[in-house]
Amino acid sequence: MFYVAAAGVLVTMVLALVRALRGPTVFDRLLAANIFGTNTVLLIAVSGFLVGRPEWLDLAILYTLVNFTGTIAVCRFARFGTLAETGSHRGAE
Amino acid sequence: MSAVIDIAVEIASWALLSLGALFCVVGGVGLVRFPGFYARVHAAGITDTLGAGLLLGGLMLQGGFTQVTVKLAIVLAFLLLTSPTATHALVKAAYGHDVRLDLEVPSRPLEPGEDPWAGSPPPTAGGGATLVD
C-alpha cells in the first residue's frame, strides 16, 4: 500500500513540475515549487516506511521548515525587491 | 481480539493512504488544469491539507504508539502551520504585483453542456477584468 501512496505523490510532483514549466507568472512557478516541496516531505515519509527506515522522518521535518523558509524568502524578494531591508513597505501595498 | 484490532487498523491505514494519494493527485491535476492563478492556489490547497493530512494519518496508524508517530505528528503540525502561511504570503505578493482575477463567468444558470469558461480570456495573469482597484 505504500507503493500506492508513493505513486500518487510522484504523479503529483510531475504535475507540479508541469505547472512550474508552463505557469505564465512567477507566482505560478512559486506555487508549483511550494507544492513540490510539500510532496517531497510526503515522499520522504512514505519511502521511509517503504524501505523500513522510519527514522528518515527527521529529514522530512527539516524539509518542511526549509520549504517554508524558501517560499517566504522568494515572496519577500518579489514584494520588496531585496532580502536585506526590514519593515519599509516600499513595494506593493 | 487483538488480531481483529490489527486488521481494522491495517484497513483504516490503507484507506487513509489511498485517499491521501488520491487527493494529492486531484490537487496536482487542478494545479495544471485550472485557469488563472487564484484558482490554482485553491487547487494547491487540497494537496496541502487533505492530501498531506490523510497520508500522514495513514502512516501514523502504521507507526503505532512509538516515536515515529510523534515525529509524524510534528511534520503534520509544521505542514498545517506553514502551508497556509506560505500561501497567504504568496497570494499577497501576487496581488501586489497586479495579478488579477480575470475570469468572466456568466452569472445566469449554465445550459447543459455549456462551457463555463467560454467567454473568458485565455488563462494568463494580469490584464483582464479588474476585480478590485
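In the interface between chains A and B, Phe27(A), Leu30(A), Leu31(A), Asn34(A), Thr38(A), Val41(A) and Ala45(A) of H2(A) meet Leu72(B), Val75(B), Leu79(B), Ser83(B), Ala86(B), Leu90(B), Ala93(B) and Ala94(B) of H3(B); contact denotes C-beta atoms, placed from the backbone, within 7 Å. The model is predicted, with local features requiring pLDDT of at least 70 and side-chain atom pairs pLDDT 80 or more, whereas totals for chains, interfaces and linings use all residues. Residues are numbered from 1 along each chain as its sequence is written, and chains are lettered from A and ligands numbered from 1 in the order in which they are written.

By class, this contact of H2(A) with H3(B) comprises twelve nonpolar, three polar and no charged residues (nonpolar: Ala, Val, Leu, Ile, Met, Phe, Trp, Tyr, Cys and Pro; charged: Asp, Glu, Lys and Arg; polar: the others, Gly among them). Helix H2 of chain A (residues 26-50) and helix H3 of chain B (residues 67-96) pack at about 175°, their axes 11 Å apart; axes are lines fitted to C-alpha atoms over the stretch in contact, and angles run from 0 to 180 degrees between N-to-C directions. H2(A) is therefore roughly antiparallel to H3(B) (angle over 145 degrees).

Chain B contains three helices and zero strands (DSSP runs of H or I, at least four residues, and of E, at least two, numbered from the N terminus). Of its 133 residues, 33% are buried (20 or more other C-beta atoms within 10 Å).

Leu61(B) lies in helix H2 of chain B, residues 37-63. Leu61(B) is partly exposed because it has 19 C-beta neighbours inside 10 Å, between the limits of 12 or fewer for exposed and 20 or more for buried. Beyond neighbours within four places in sequence, Leu61(B) contacts Val9(B), Ala12(B), Ser13(B) and Leu16(B).

Note on methods
Contact = placed C-beta atoms within 7 Å. Parallel < 35°, antiparallel > 145°, perpendicular 65-115°, else oblique.
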